[in-house]
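Here is a friendly walk through one structure, with a look at its ring contacts, its ligand site and one helix. Take a moment with the sequence and the view below before reading on.

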Amino acid sequence: SIGGRVTLAAVSDSRAIRDSVPMIAEACGSAATPQVRNVASVAGNLLQETRCWYWRMERFDCVRKGGEGCPAREGEHRFHALFPEGPCLMVHPSNLAPALLLLDATIEVAGGDRESIPMADLQPDPTKDWRSTSVLAPGEVLTGIRFDPAPNSGFVALKQKQSFDWPMVSGYAVLDLDGDVIRSARTCAGAVAPRPRLLPAVDAALAGVSITDDAAIRKACDAATEGAAPLPGTTYKKTLLPVAIRRAVMAAANPGGDA
Ligand SMILES: Cc1cc2nc3c(=O)[nH]c(=O)nc-3n(C[C@H](O)[C@H](O)[C@H](O)COP(=O)(O)OP(=O)(O)OC[C@H]3O[C@@H](n4cnc5c(N)ncnc54)[C@H](O)[C@@H]3O)c2cc1C
Ligand code: SF4
């Protein structure tokens with residue numbers, strides 16, 4: 001488990017986390033910059049607001065601010081959704097959230113009338129509530145995160161800049177291996193939808209495949225784009241997504257090695 005106030009740098013540097021869930025260490029170590037990671041907390045990372053530039057600029061109104069429309073739809077949206085859900089076209093900004101979703105993590109909370117929330121329920125359904133970053137009630141705080149080890153887990157971010165920026169697309173994978181053969185897989189995509197996007201079609205296609213069978217792995221990961229509805233400016237993410245997922249699968253198969 002990790003305390004909510006632990007910094008991203010501490011998670012990334014933890015030998016215990018790196019050995020037991022390398023995907024978490026890599027996701028935290030890849031976020032932002034060393035300076036930001038030294039102060040940003042796990043809770044703050046999960047609950048951070050959208051990076052949408054229209055949301056961040058006061059002079060623009062939009063549905064996420066409680067107003068009308070979405071200026072990103074006709075405007076600059078190259079870092080927005082490949083799989084839009086609801087009227088806000090943002091992508092979930094947290095590197096950590098997809099990893100915790102894959103691990104079926106439990107979010108520990110205090111200050112309200114419950115002690116925990118399943119990670120899958122931390123964020124509201126963006127087709128019903130497109131304004132809130134989480135379901136936490138006023139006064140409720142995130143105190144920690146619990147999850148099981150996943151030594152064969154991998155994270156890969158495809159970025160425009162190698163530091164100081166969020167990924168254009170990120171891939172996450174947890175494998176159950178029998179030698180070289182994938183007994184079962186769970187994969188997830190980040191930075192493509194308003195919430196982390198699980199990829200059951202990829203998981204099904206990876207089952208029974210050898211990690212040495214490059215053609216079969218590539219074919220399975222191509223299923224990551226099923227259901228994509230790109231905006232004119234996010235079509236490129238359709239090309240990047242299968243690459244990110246394939247590299248995450250290879251990282252999970254070979255933790256600590258080159259993806
Ligand atoms: C240039 C730049 C690049 C970045 N790139 C990435 C990236 O690639 N990937 C990535 O994942 N992130 C990225 N980030 C975000 C960064 O990693 C931090 O996670 C983010 O800035 C939040 O920082 P913080 O911990 O100080 O949270 P804060 O800003 O303090 O908090 C964020 C929100 O969470 C709430 N909150 C904080 N703690 C709690 C708690 N315990 N309980 C309830 N609510 C709480 C706060 O009230 C606030 O609403 C980037 C940030 C910058 C500035
Ligand atoms: S993507 Fe969301 S946050 Fe950005 S302008 Fe559109 S509605 Fe607002």
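At 24% relative accessibility, F60 counts as partly exposed, because the value falls between the 20% limit for buried and the 50% limit for exposed. Keep in mind that this is a predicted model. The ring partner of F60 is Y54, and the two meet edge-to-face. Their centres are 4.9 Å apart, with 85° between the planes. Since an angle over 60 degrees counts as edge-to-face, the label follows directly. Y54 itself is buried, with a relative accessible area of 10%. The count of aromatic pairs comes to 3.

Rings also meet charges here. Two arginines sit over phenylalanine faces, as the table shows.

| Charged residue | Ring | Distance to ring centre |
|---|---|---|
| R51 | F79 | 4.5 Å |
| R197 | F83 | 3.8 Å |

Now for the ligand site. Y54 appears again, as one of the residues surrounding ligand 2. Its companions in that shell include W55, V63, R64, H80 and M90, and the cysteines C52, C62, C70 and C88 are also among them. What is the make-up of the shell around ligand 2 by class? There are 10 nonpolar residues, 1 polar and 1 charged. The space that ligand 2 takes is the largest cavity.

Finally, let us turn to helix α3, which spans residues 22–30. This helix is mostly covered, with 7 of its 9 residues buried. Among the buried ones are P22, M23, I24 and C28. After α3 comes A32, which has a positive phi near 55°.

Notes:
Residues are numbered from 1 along each chain as its sequence is written. Chains are lettered from A and ligands numbered from 1 in the order in which they are written. This is a predicted model: local features need pLDDT of at least 70, side-chain atom pairs count only at pLDDT 80 or more; totals for chains, interfaces and linings use all residues. Side-chain values use heavy atoms; hydrogens and water are left out. A residue is near a molecule or strand if one of its heavy atoms lies within 4 Å of it. On a 1 Å grid over the protein atoms alone, a cavity is a set of points where a 1.4 Å probe fits but cannot get out, and a pocket is an open set with protein on both sides within 12 Å along at least five of seven lines; lining residues have an atom within 4 Å of a point. A molecule sits in a cavity or pocket if more than half of its atoms lie within 2 Å of its grid points. Ala, Val, Leu, Ile, Met, Phe, Trp, Tyr, Cys and Pro count as nonpolar, Asp, Glu, Lys and Arg as charged, and the others, Gly among them, as polar. Rings of Phe, Tyr and Trp (its six-membered ring) pair if their centres lie within 6.5 Å; planes under 30 degrees apart count as stacked, over 60 as edge-to-face and the rest as tilted. Buried means under 20% relative accessible area, exposed over 50%, partly exposed in between (1.4 Å probe, protein chains only). A charge sits over a ring if NZ of Lys or CZ of Arg is within 6 Å of the ring centre and within 35 degrees of the ring normal. Helices (H or I, at least four residues) and strands (E, at least two) are DSSP runs, numbered from the N terminus.
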